Amino acid sequence: MTTETLDRPATATDADAVADEAAYIQIQQFYARQMQLFDAFDADRWAGTFTPDAVFDLPTLDRPVRGRAELAATVRRNKAQAVRGGEQTRHWIGMLDVRPQADGTMHTRCYALVYVTPRGGDPRVQRVCVMEDVLVRSRGKWRTRCRLVTRDDLA
C-alpha cells in the first residue's frame with residue numbers, strides 16, 4: 001500500500017448521517033452494475049463509472065491507479081491473466097454503509113469478496129476486502145472519485 005495521501009472516505013463511525021432509502025438503493029444498483037462490468041472485463045464502460053481523475057488504491061500495487069485510461073488498462077491486464085489462467089472471477093459486495101457528506105458526496109464502506117472459479121472446478125474465496133469509496137454525482141449518475149481497498153490477509 002502506498003503512503004501517498006488520498007482524498008479517502010471517512011470510516012463509518014466518523015459520521016452519524018445515513019443515506020435515505022432512495023439514495024441507498026441507487027448506490028446498491030451502481031455497485032451491482034460496476035462490479036458486473038468489471039467481472040465481464042468491459043474495460044471502458046467500467047472505467048466510465050469513475051470520474052476522469054479517479055484514484056484507485058490497492059494494497060498490491062506500487063502506486064494508486066489514476067484516471068480512466070489507467071483503470072481500463074488494468075481491466076485489460078486482468079482479462080489477459082484470466083484467459084491464461086482459465087479462471088472466472090466474481091466480486092460480491094455486501095454490508096454496504098452509505099454516509100452522505102455536506103459537500104454532496106457519498107462515502108461508502110463495504111465488504112468485497114472475490115470468488116475465483118477455475119474452468120471445470122469449484123469456486124473458492126480468493127480474497128476478503130474492505131472497500132471504501134467517495135462517490136460523486138456527475139451527469140445524473142454516481143461515479144467513484146476515490147477508492148481504497150484493504151485486504152484482510154495483508155492487514
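Start by selecting D133 and R147: both residues are buried. This is a predicted model, so keep that in mind as you click around. Show the side chains of the pair and you'll find a salt bridge, with the closest N and O atoms 2.7 Å apart. Now colour by secondary structure. D133 sits in strand β5 (residues 124–138) and R147 in strand β6 (residues 141–151), so this salt bridge ties together parts that are 14 residues apart in sequence.

Next, widen the selection to the sheet around that pair. You should see an open sheet of six strands, and walking across it gives the order β2-β1-β6-β5-β4-β3. The pairing is mixed. Which strands are at the edges? Those are β2 (65–66) and β3 (87–100), each of which pairs on one side only.

Zoom in on the β2 edge. Strand β1 (residues 50–57) runs antiparallel to β2, and two bridges join them. To land on one particular spot, select F56 and V65: V65, in β2, is the bridge partner of F56.

Now bring the helices back. Select residues 21–39 for helix α1, which lies across β1, β3, β4 (106–118), β5 and β6. If you like checking axes, α1 runs at about 160° to β3. Then select residues 67–85 for helix α3, which lies across β1, β2, β3 and β6. Its angle to β1 is about 55°.

With α3 still on screen, pick E70 and then R63. These two form a salt bridge, and the closest N and O atoms are 3.2 Å apart. Buried or partly exposed: what is E70? At 29% relative accessibility, E70 counts as partly exposed. R63 is partly exposed too, with a relative accessibility of 47%.

One more pair to visit: D42 and R45. Here again there's a salt bridge, with 3.2 Å between the closest N and O atoms. D42 has a relative accessibility of 24%, which makes it partly exposed, and R45, at 48%, also counts as partly exposed.

How many salt bridges does a search of the whole structure find? The count is seven, and the stops on this tour include D133 with R147, R63 with E70 and D42 with R45. To finish, put the D133 and R147 pair back on screen, where both partners are buried, and then flip to D42, which is partly exposed at 24%.

Methods. Residues are numbered from 1 along each chain as its sequence is written. This is a predicted model: local features need pLDDT of at least 70, side-chain atom pairs count only at pLDDT 80 or more; totals for chains, interfaces and linings use all residues. Side-chain values use heavy atoms; hydrogens and water are left out. A salt bridge is a side-chain nitrogen of Lys or Arg within 4 Å of a carboxyl oxygen of Asp or Glu. Buried means under 20% relative accessible area, exposed over 50%, partly exposed in between (1.4 Å probe, protein chains only). Helices (H or I, at least four residues) and strands (E, at least two) are DSSP runs, numbered from the N terminus. Two strands pair if DSSP finds at least two bridges between them. Contact means heavy atoms within 4.5 Å. Axes are lines fitted to C-alpha atoms, for helices over the stretch in contact, and angles run from 0 to 180 degrees between N-to-C directions.
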